[in-house]
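Got your viewer open? Load the model and switch to cartoon view, and let's take a walk through it.

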Amino acid sequence: MEIVSYASISKDIQSKYISDIREIFFSCSSVKEFSDNEQKDRFFNKWCGDYLKLSPDNFYLYLSNNEVAGYLSGHKNSIQALDEFIIPGPELFKDCFEKFPAHFHINCSPRHQGKGIGRKLVEHYLHELNCSRIDGVHLITSTDADNLGFYRALGFEYEVPRPFKSHELLLMGREIFS
């Protein structure tokens, strides 16, 4: 088992892992129905594929037996990411990005959940951010998500809820210390 950045692996291996990443993404997504494959591809690209293209150095794969068991996609500058990515919601928390400039999204294959993979991916990313002298990171989830305990256990104690459409989003932040 190892963690590698997507950018560090060869193009032929990257294309092999794309199907694993897509499978994990859609198995973890709350959206399951799409009108056609084009809509499904646009959805994947918005939430995951754009990170593969625009931030491959900050897209980490947890590999187990030559398959992707989980991934973490991140960006070290959330203000910049607002211009690069078309994702609804993060702009609500722009006032928090000075204290928590980096962000990430994480998903693990359902058959690999509960094995510490998510924790290892987050810890790896925190280490990378610390080496880059970035002193804070955040994620955005919903106030009723099942993952809140996981993030709180990893030290994401700063919480800011904000209304968004018909539900409430939650920014969870954590300071990073050398």
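What follows is a tour of the sheet, one of its strands, two pockets and a pair of loops.

Keep in mind that this is a predicted model.

**Stop 1: the sheet**

Start by colouring the strands. Seven of them form an open sheet, and reading across you get β1-β2-β3-β4-β5-β7-β6, with mixed pairing. Now pick out β1 (2–5) and β6 (158–164): these are the edge strands, and each has a single partner strand, so one side of each has no neighbour in the sheet. Ignoring direction, neighbouring strands here are turned against each other by 25° on average.

**Stop 2: strand β5**

Next, select residues 136–142, which is strand β5. How many of its seven residues are buried? Six are, so the strand is mostly covered by the cut-off used here, under 20% relative accessible area.

Show its neighbours. On one pairing, β4 (residues 102–108) runs parallel to β5 over two bridges. Zoom in on His103 and you'll find its bridge partner in β5, His138. Then add helix α4 (residues 117–131): together, β4, α4 and β5 make a β-α-β unit, and it is right-handed.

The other pairing to look at is with β7 (residues 167–175), which is antiparallel to β5 over seven bridges. Two positions are handy for lining up this pair. Ile140 stands opposite Leu171 in β7, and Ser142 stands opposite Leu169 in β7.

If you turn on side chains while you're here, a reminder: in a regular strand they alternate between the two faces of the sheet.

**Stop 3: the largest pocket**

Leave Ile140 on screen and switch to a surface view. The largest pocket has a volume of about 1,300 Å³. Which of its 39 lining residues are closest to the centre? Select Cys28, Asn107, Ile140, Thr141 and Asn147 to see them.

Plenty of elements chip in to this lining. Those giving at least two residues each are α1 (11–28), α2 (37–54), β3 (67–75), β4, α4, β5, α5 (148–153) and β7. The largest share comes from β4, with five residues. Colour the lining by class and you should get 20 nonpolar, 15 polar and four charged residues.

**Stop 4: the second largest pocket**

Now go back to His103. The second largest pocket has a volume of about 170 Å³. It is lined by 15 residues, and the ones closest to its centre are Tyr51, Leu82, Ile87, Pro90 and His103. Two or more lining residues come from each of α3 (78–84), β4 and β5. By class, this lining splits into 10 nonpolar, four polar and one charged residues.

**Stop 5: two loop residues**

Finish out in the loops. Select Arg133, in the loop between α4 and β5. This residue is not a glycine, yet it has a positive phi of about 60°. Buried or exposed? Arg133 has 77% relative accessibility, so it counts as exposed.

Then jump to Lys165, in the loop between β6 and β7. Lys165 isn't a glycine either, and its phi is positive at about 50°. With a relative accessible area of 72%, Lys165 is exposed.

Technical notes: Residues numbered from 1 in each chain as written. Predicted model: local features only at pLDDT ≥ 70, side-chain atom pairs only at ≥ 80, totals over all residues. Heavy atoms only, no water. Buried < 20%, exposed > 50% of the residue type's maximum accessible area, 1.4 Å probe, protein only. Helix = DSSP H or I, 4+ residues; strand = E, 2+ residues; numbered from the N terminus. Pairing = 2+ DSSP bridges. Right-handed = clockwise from strand over helix to strand, strands pointing away. 1 Å grid on protein atoms, 1.4 Å probe; cavity = no way out; pocket = protein on both sides within 12 Å on 5 of 7 lines; lining within 4 Å. Points joined across faces, edges and corners; volume = space filled by probe spheres on them. Nonpolar A, V, L, I, M, F, W, Y, C, P; charged D, E, K, R; others polar. Axes fitted to C-alpha atoms, helices over the stretch in contact; angles between N-to-C directions.
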